[in-house]
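Visitor: I am new to this structure. Please take me through one part of it, slowly and closely.

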Amino acid sequence: MRVRIGKAILGWGAVALILFSGAKVQAKGFEVTVLGAHGGLEDGNLSAYLLREQGANVGVLLDAGTVLNGMEKADAAHAFDRLTLPDDPKTSRAGGLVHHVIQGYLISHAHLDHVAGLIAVSPNDPGKPIYALPSVLSVMQDDLFNHRVWPNLADRGPKPALGLFHYHDLLEGQSVPLAETTLTVTSYPLSHGGVESTAFLLRSGADALLYLGDTGPDAVEHSNRLETLWRLMAPLVRAHQLRG
Ligand SMILES: [Zn+2]
């Protein structure tokens, strides 16, 4: 695969990777900014990856364990230097970045280390779609945004559903455009210790990037979902379209 990493900024839990390629197809590639990269206990550095088409100002967040804290650290690591935000004295720069750069949340599964940042920032980041498989959204609806753990800021579930966030059910294998971006996503279920997790295939033109939420080897998970996924991805690898 003719992919090389053009630039990597490491530190403070924030990593910016710009992937680009010298392949023949007209391809922009992707820019991934890591807002958090750990699971479990590391508060302030939990799974969250901002994905943008190369050169685009806006994108989507793949999982949302750490949001505001991650944007602050990525900004300090110069991930957003080229962005100019509207003047808003009531909002911090990191808050403005969350509001303007993240155009939707793709959630692989609803374990806290993948959603805690979204819940924390939710009162200040309204109006965004939350994309996930139906099984994942039903956990968010019943067990998170339920007026007991957190107010129901979404548009389904325990009443009153305040409707600040829009649940968008993803169906396995179906390509869906991601609002306000030029990206599409296709989702595939993964097994994760009895919980359904998700692989997201992001497309930008002919380019593809595959993101896997938590999962384990098929032998351990007693499933064939990884084998199925890689068989589906093999043609993209052969065609040099899978960028990362
Ligand atoms: Zn998990």
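**Strand S11 and the zinc site**

Guide: Start with one pair of residues: Arg203 has Ala208 in S12 as its bridge partner. This is a predicted model. S11 and S12 run antiparallel, and 6 bridges join them. The hairpin of S11 and S12 has 2 residues between the strands, and Gly205 there takes a positive phi near 60°.

Now turn to the pairing of S11 with strand S10, residues 184–192. These two strands are also antiparallel, with 9 bridges. One of the paired residues is Thr186, whose bridge partner in S11 is Leu201. The hairpin of S10 and S11 again has 2 residues between the strands. Here Gly193 has the positive phi, near 60°.

S11 itself spans residues 195–204 and is mostly covered. Of its 10 residues, 7 are buried.

Next comes the zinc ion. Its protein donors are His109 (NE2), His111 (ND1), His192 (NE2) and Asp214 (OD). They lie 2.2 to 2.4 Å from the ion. The angles among the 4 donor atoms run from 91 to 169°, and the site is irregular. Along the sequence, the donor spacing reads H-x1-H-x80-H-x21-D. His109 and Asp214 link distant parts of the chain, 105 residues apart. His109 sits in the loop between strand S6 (102–106) and helix H3 (112–121). Asp214 sits in the loop between strand S12 (207–212) and helix H5 (218–221).

How covered are these two donors? His109 counts as buried because its relative accessible area is 0%. Asp214 counts as partly exposed, at 26% relative accessibility.

Notes:
Residues are numbered from 1 along each chain as its sequence is written. This is a predicted model: local features need pLDDT of at least 70, side-chain atom pairs count only at pLDDT 80 or more; totals for chains, interfaces and linings use all residues. Side-chain values use heavy atoms; hydrogens and water are left out. Donors are N, O and S atoms within 2.8 Å of the metal (3.2 Å for Na, K and Ca); water is not among the atoms, so sites may look incomplete. Four donors count as tetrahedral if all angles lie between 85 and 135 degrees; four count as square planar and six as octahedral if opposite donors are over 155 degrees apart and all others between 65 and 115; anything else is irregular. Helices (H or I, at least four residues) and strands (E, at least two) are DSSP runs, numbered from the N terminus. Buried means under 20% relative accessible area, exposed over 50%, partly exposed in between (1.4 Å probe, protein chains only). Two strands pair if DSSP finds at least two bridges between them.
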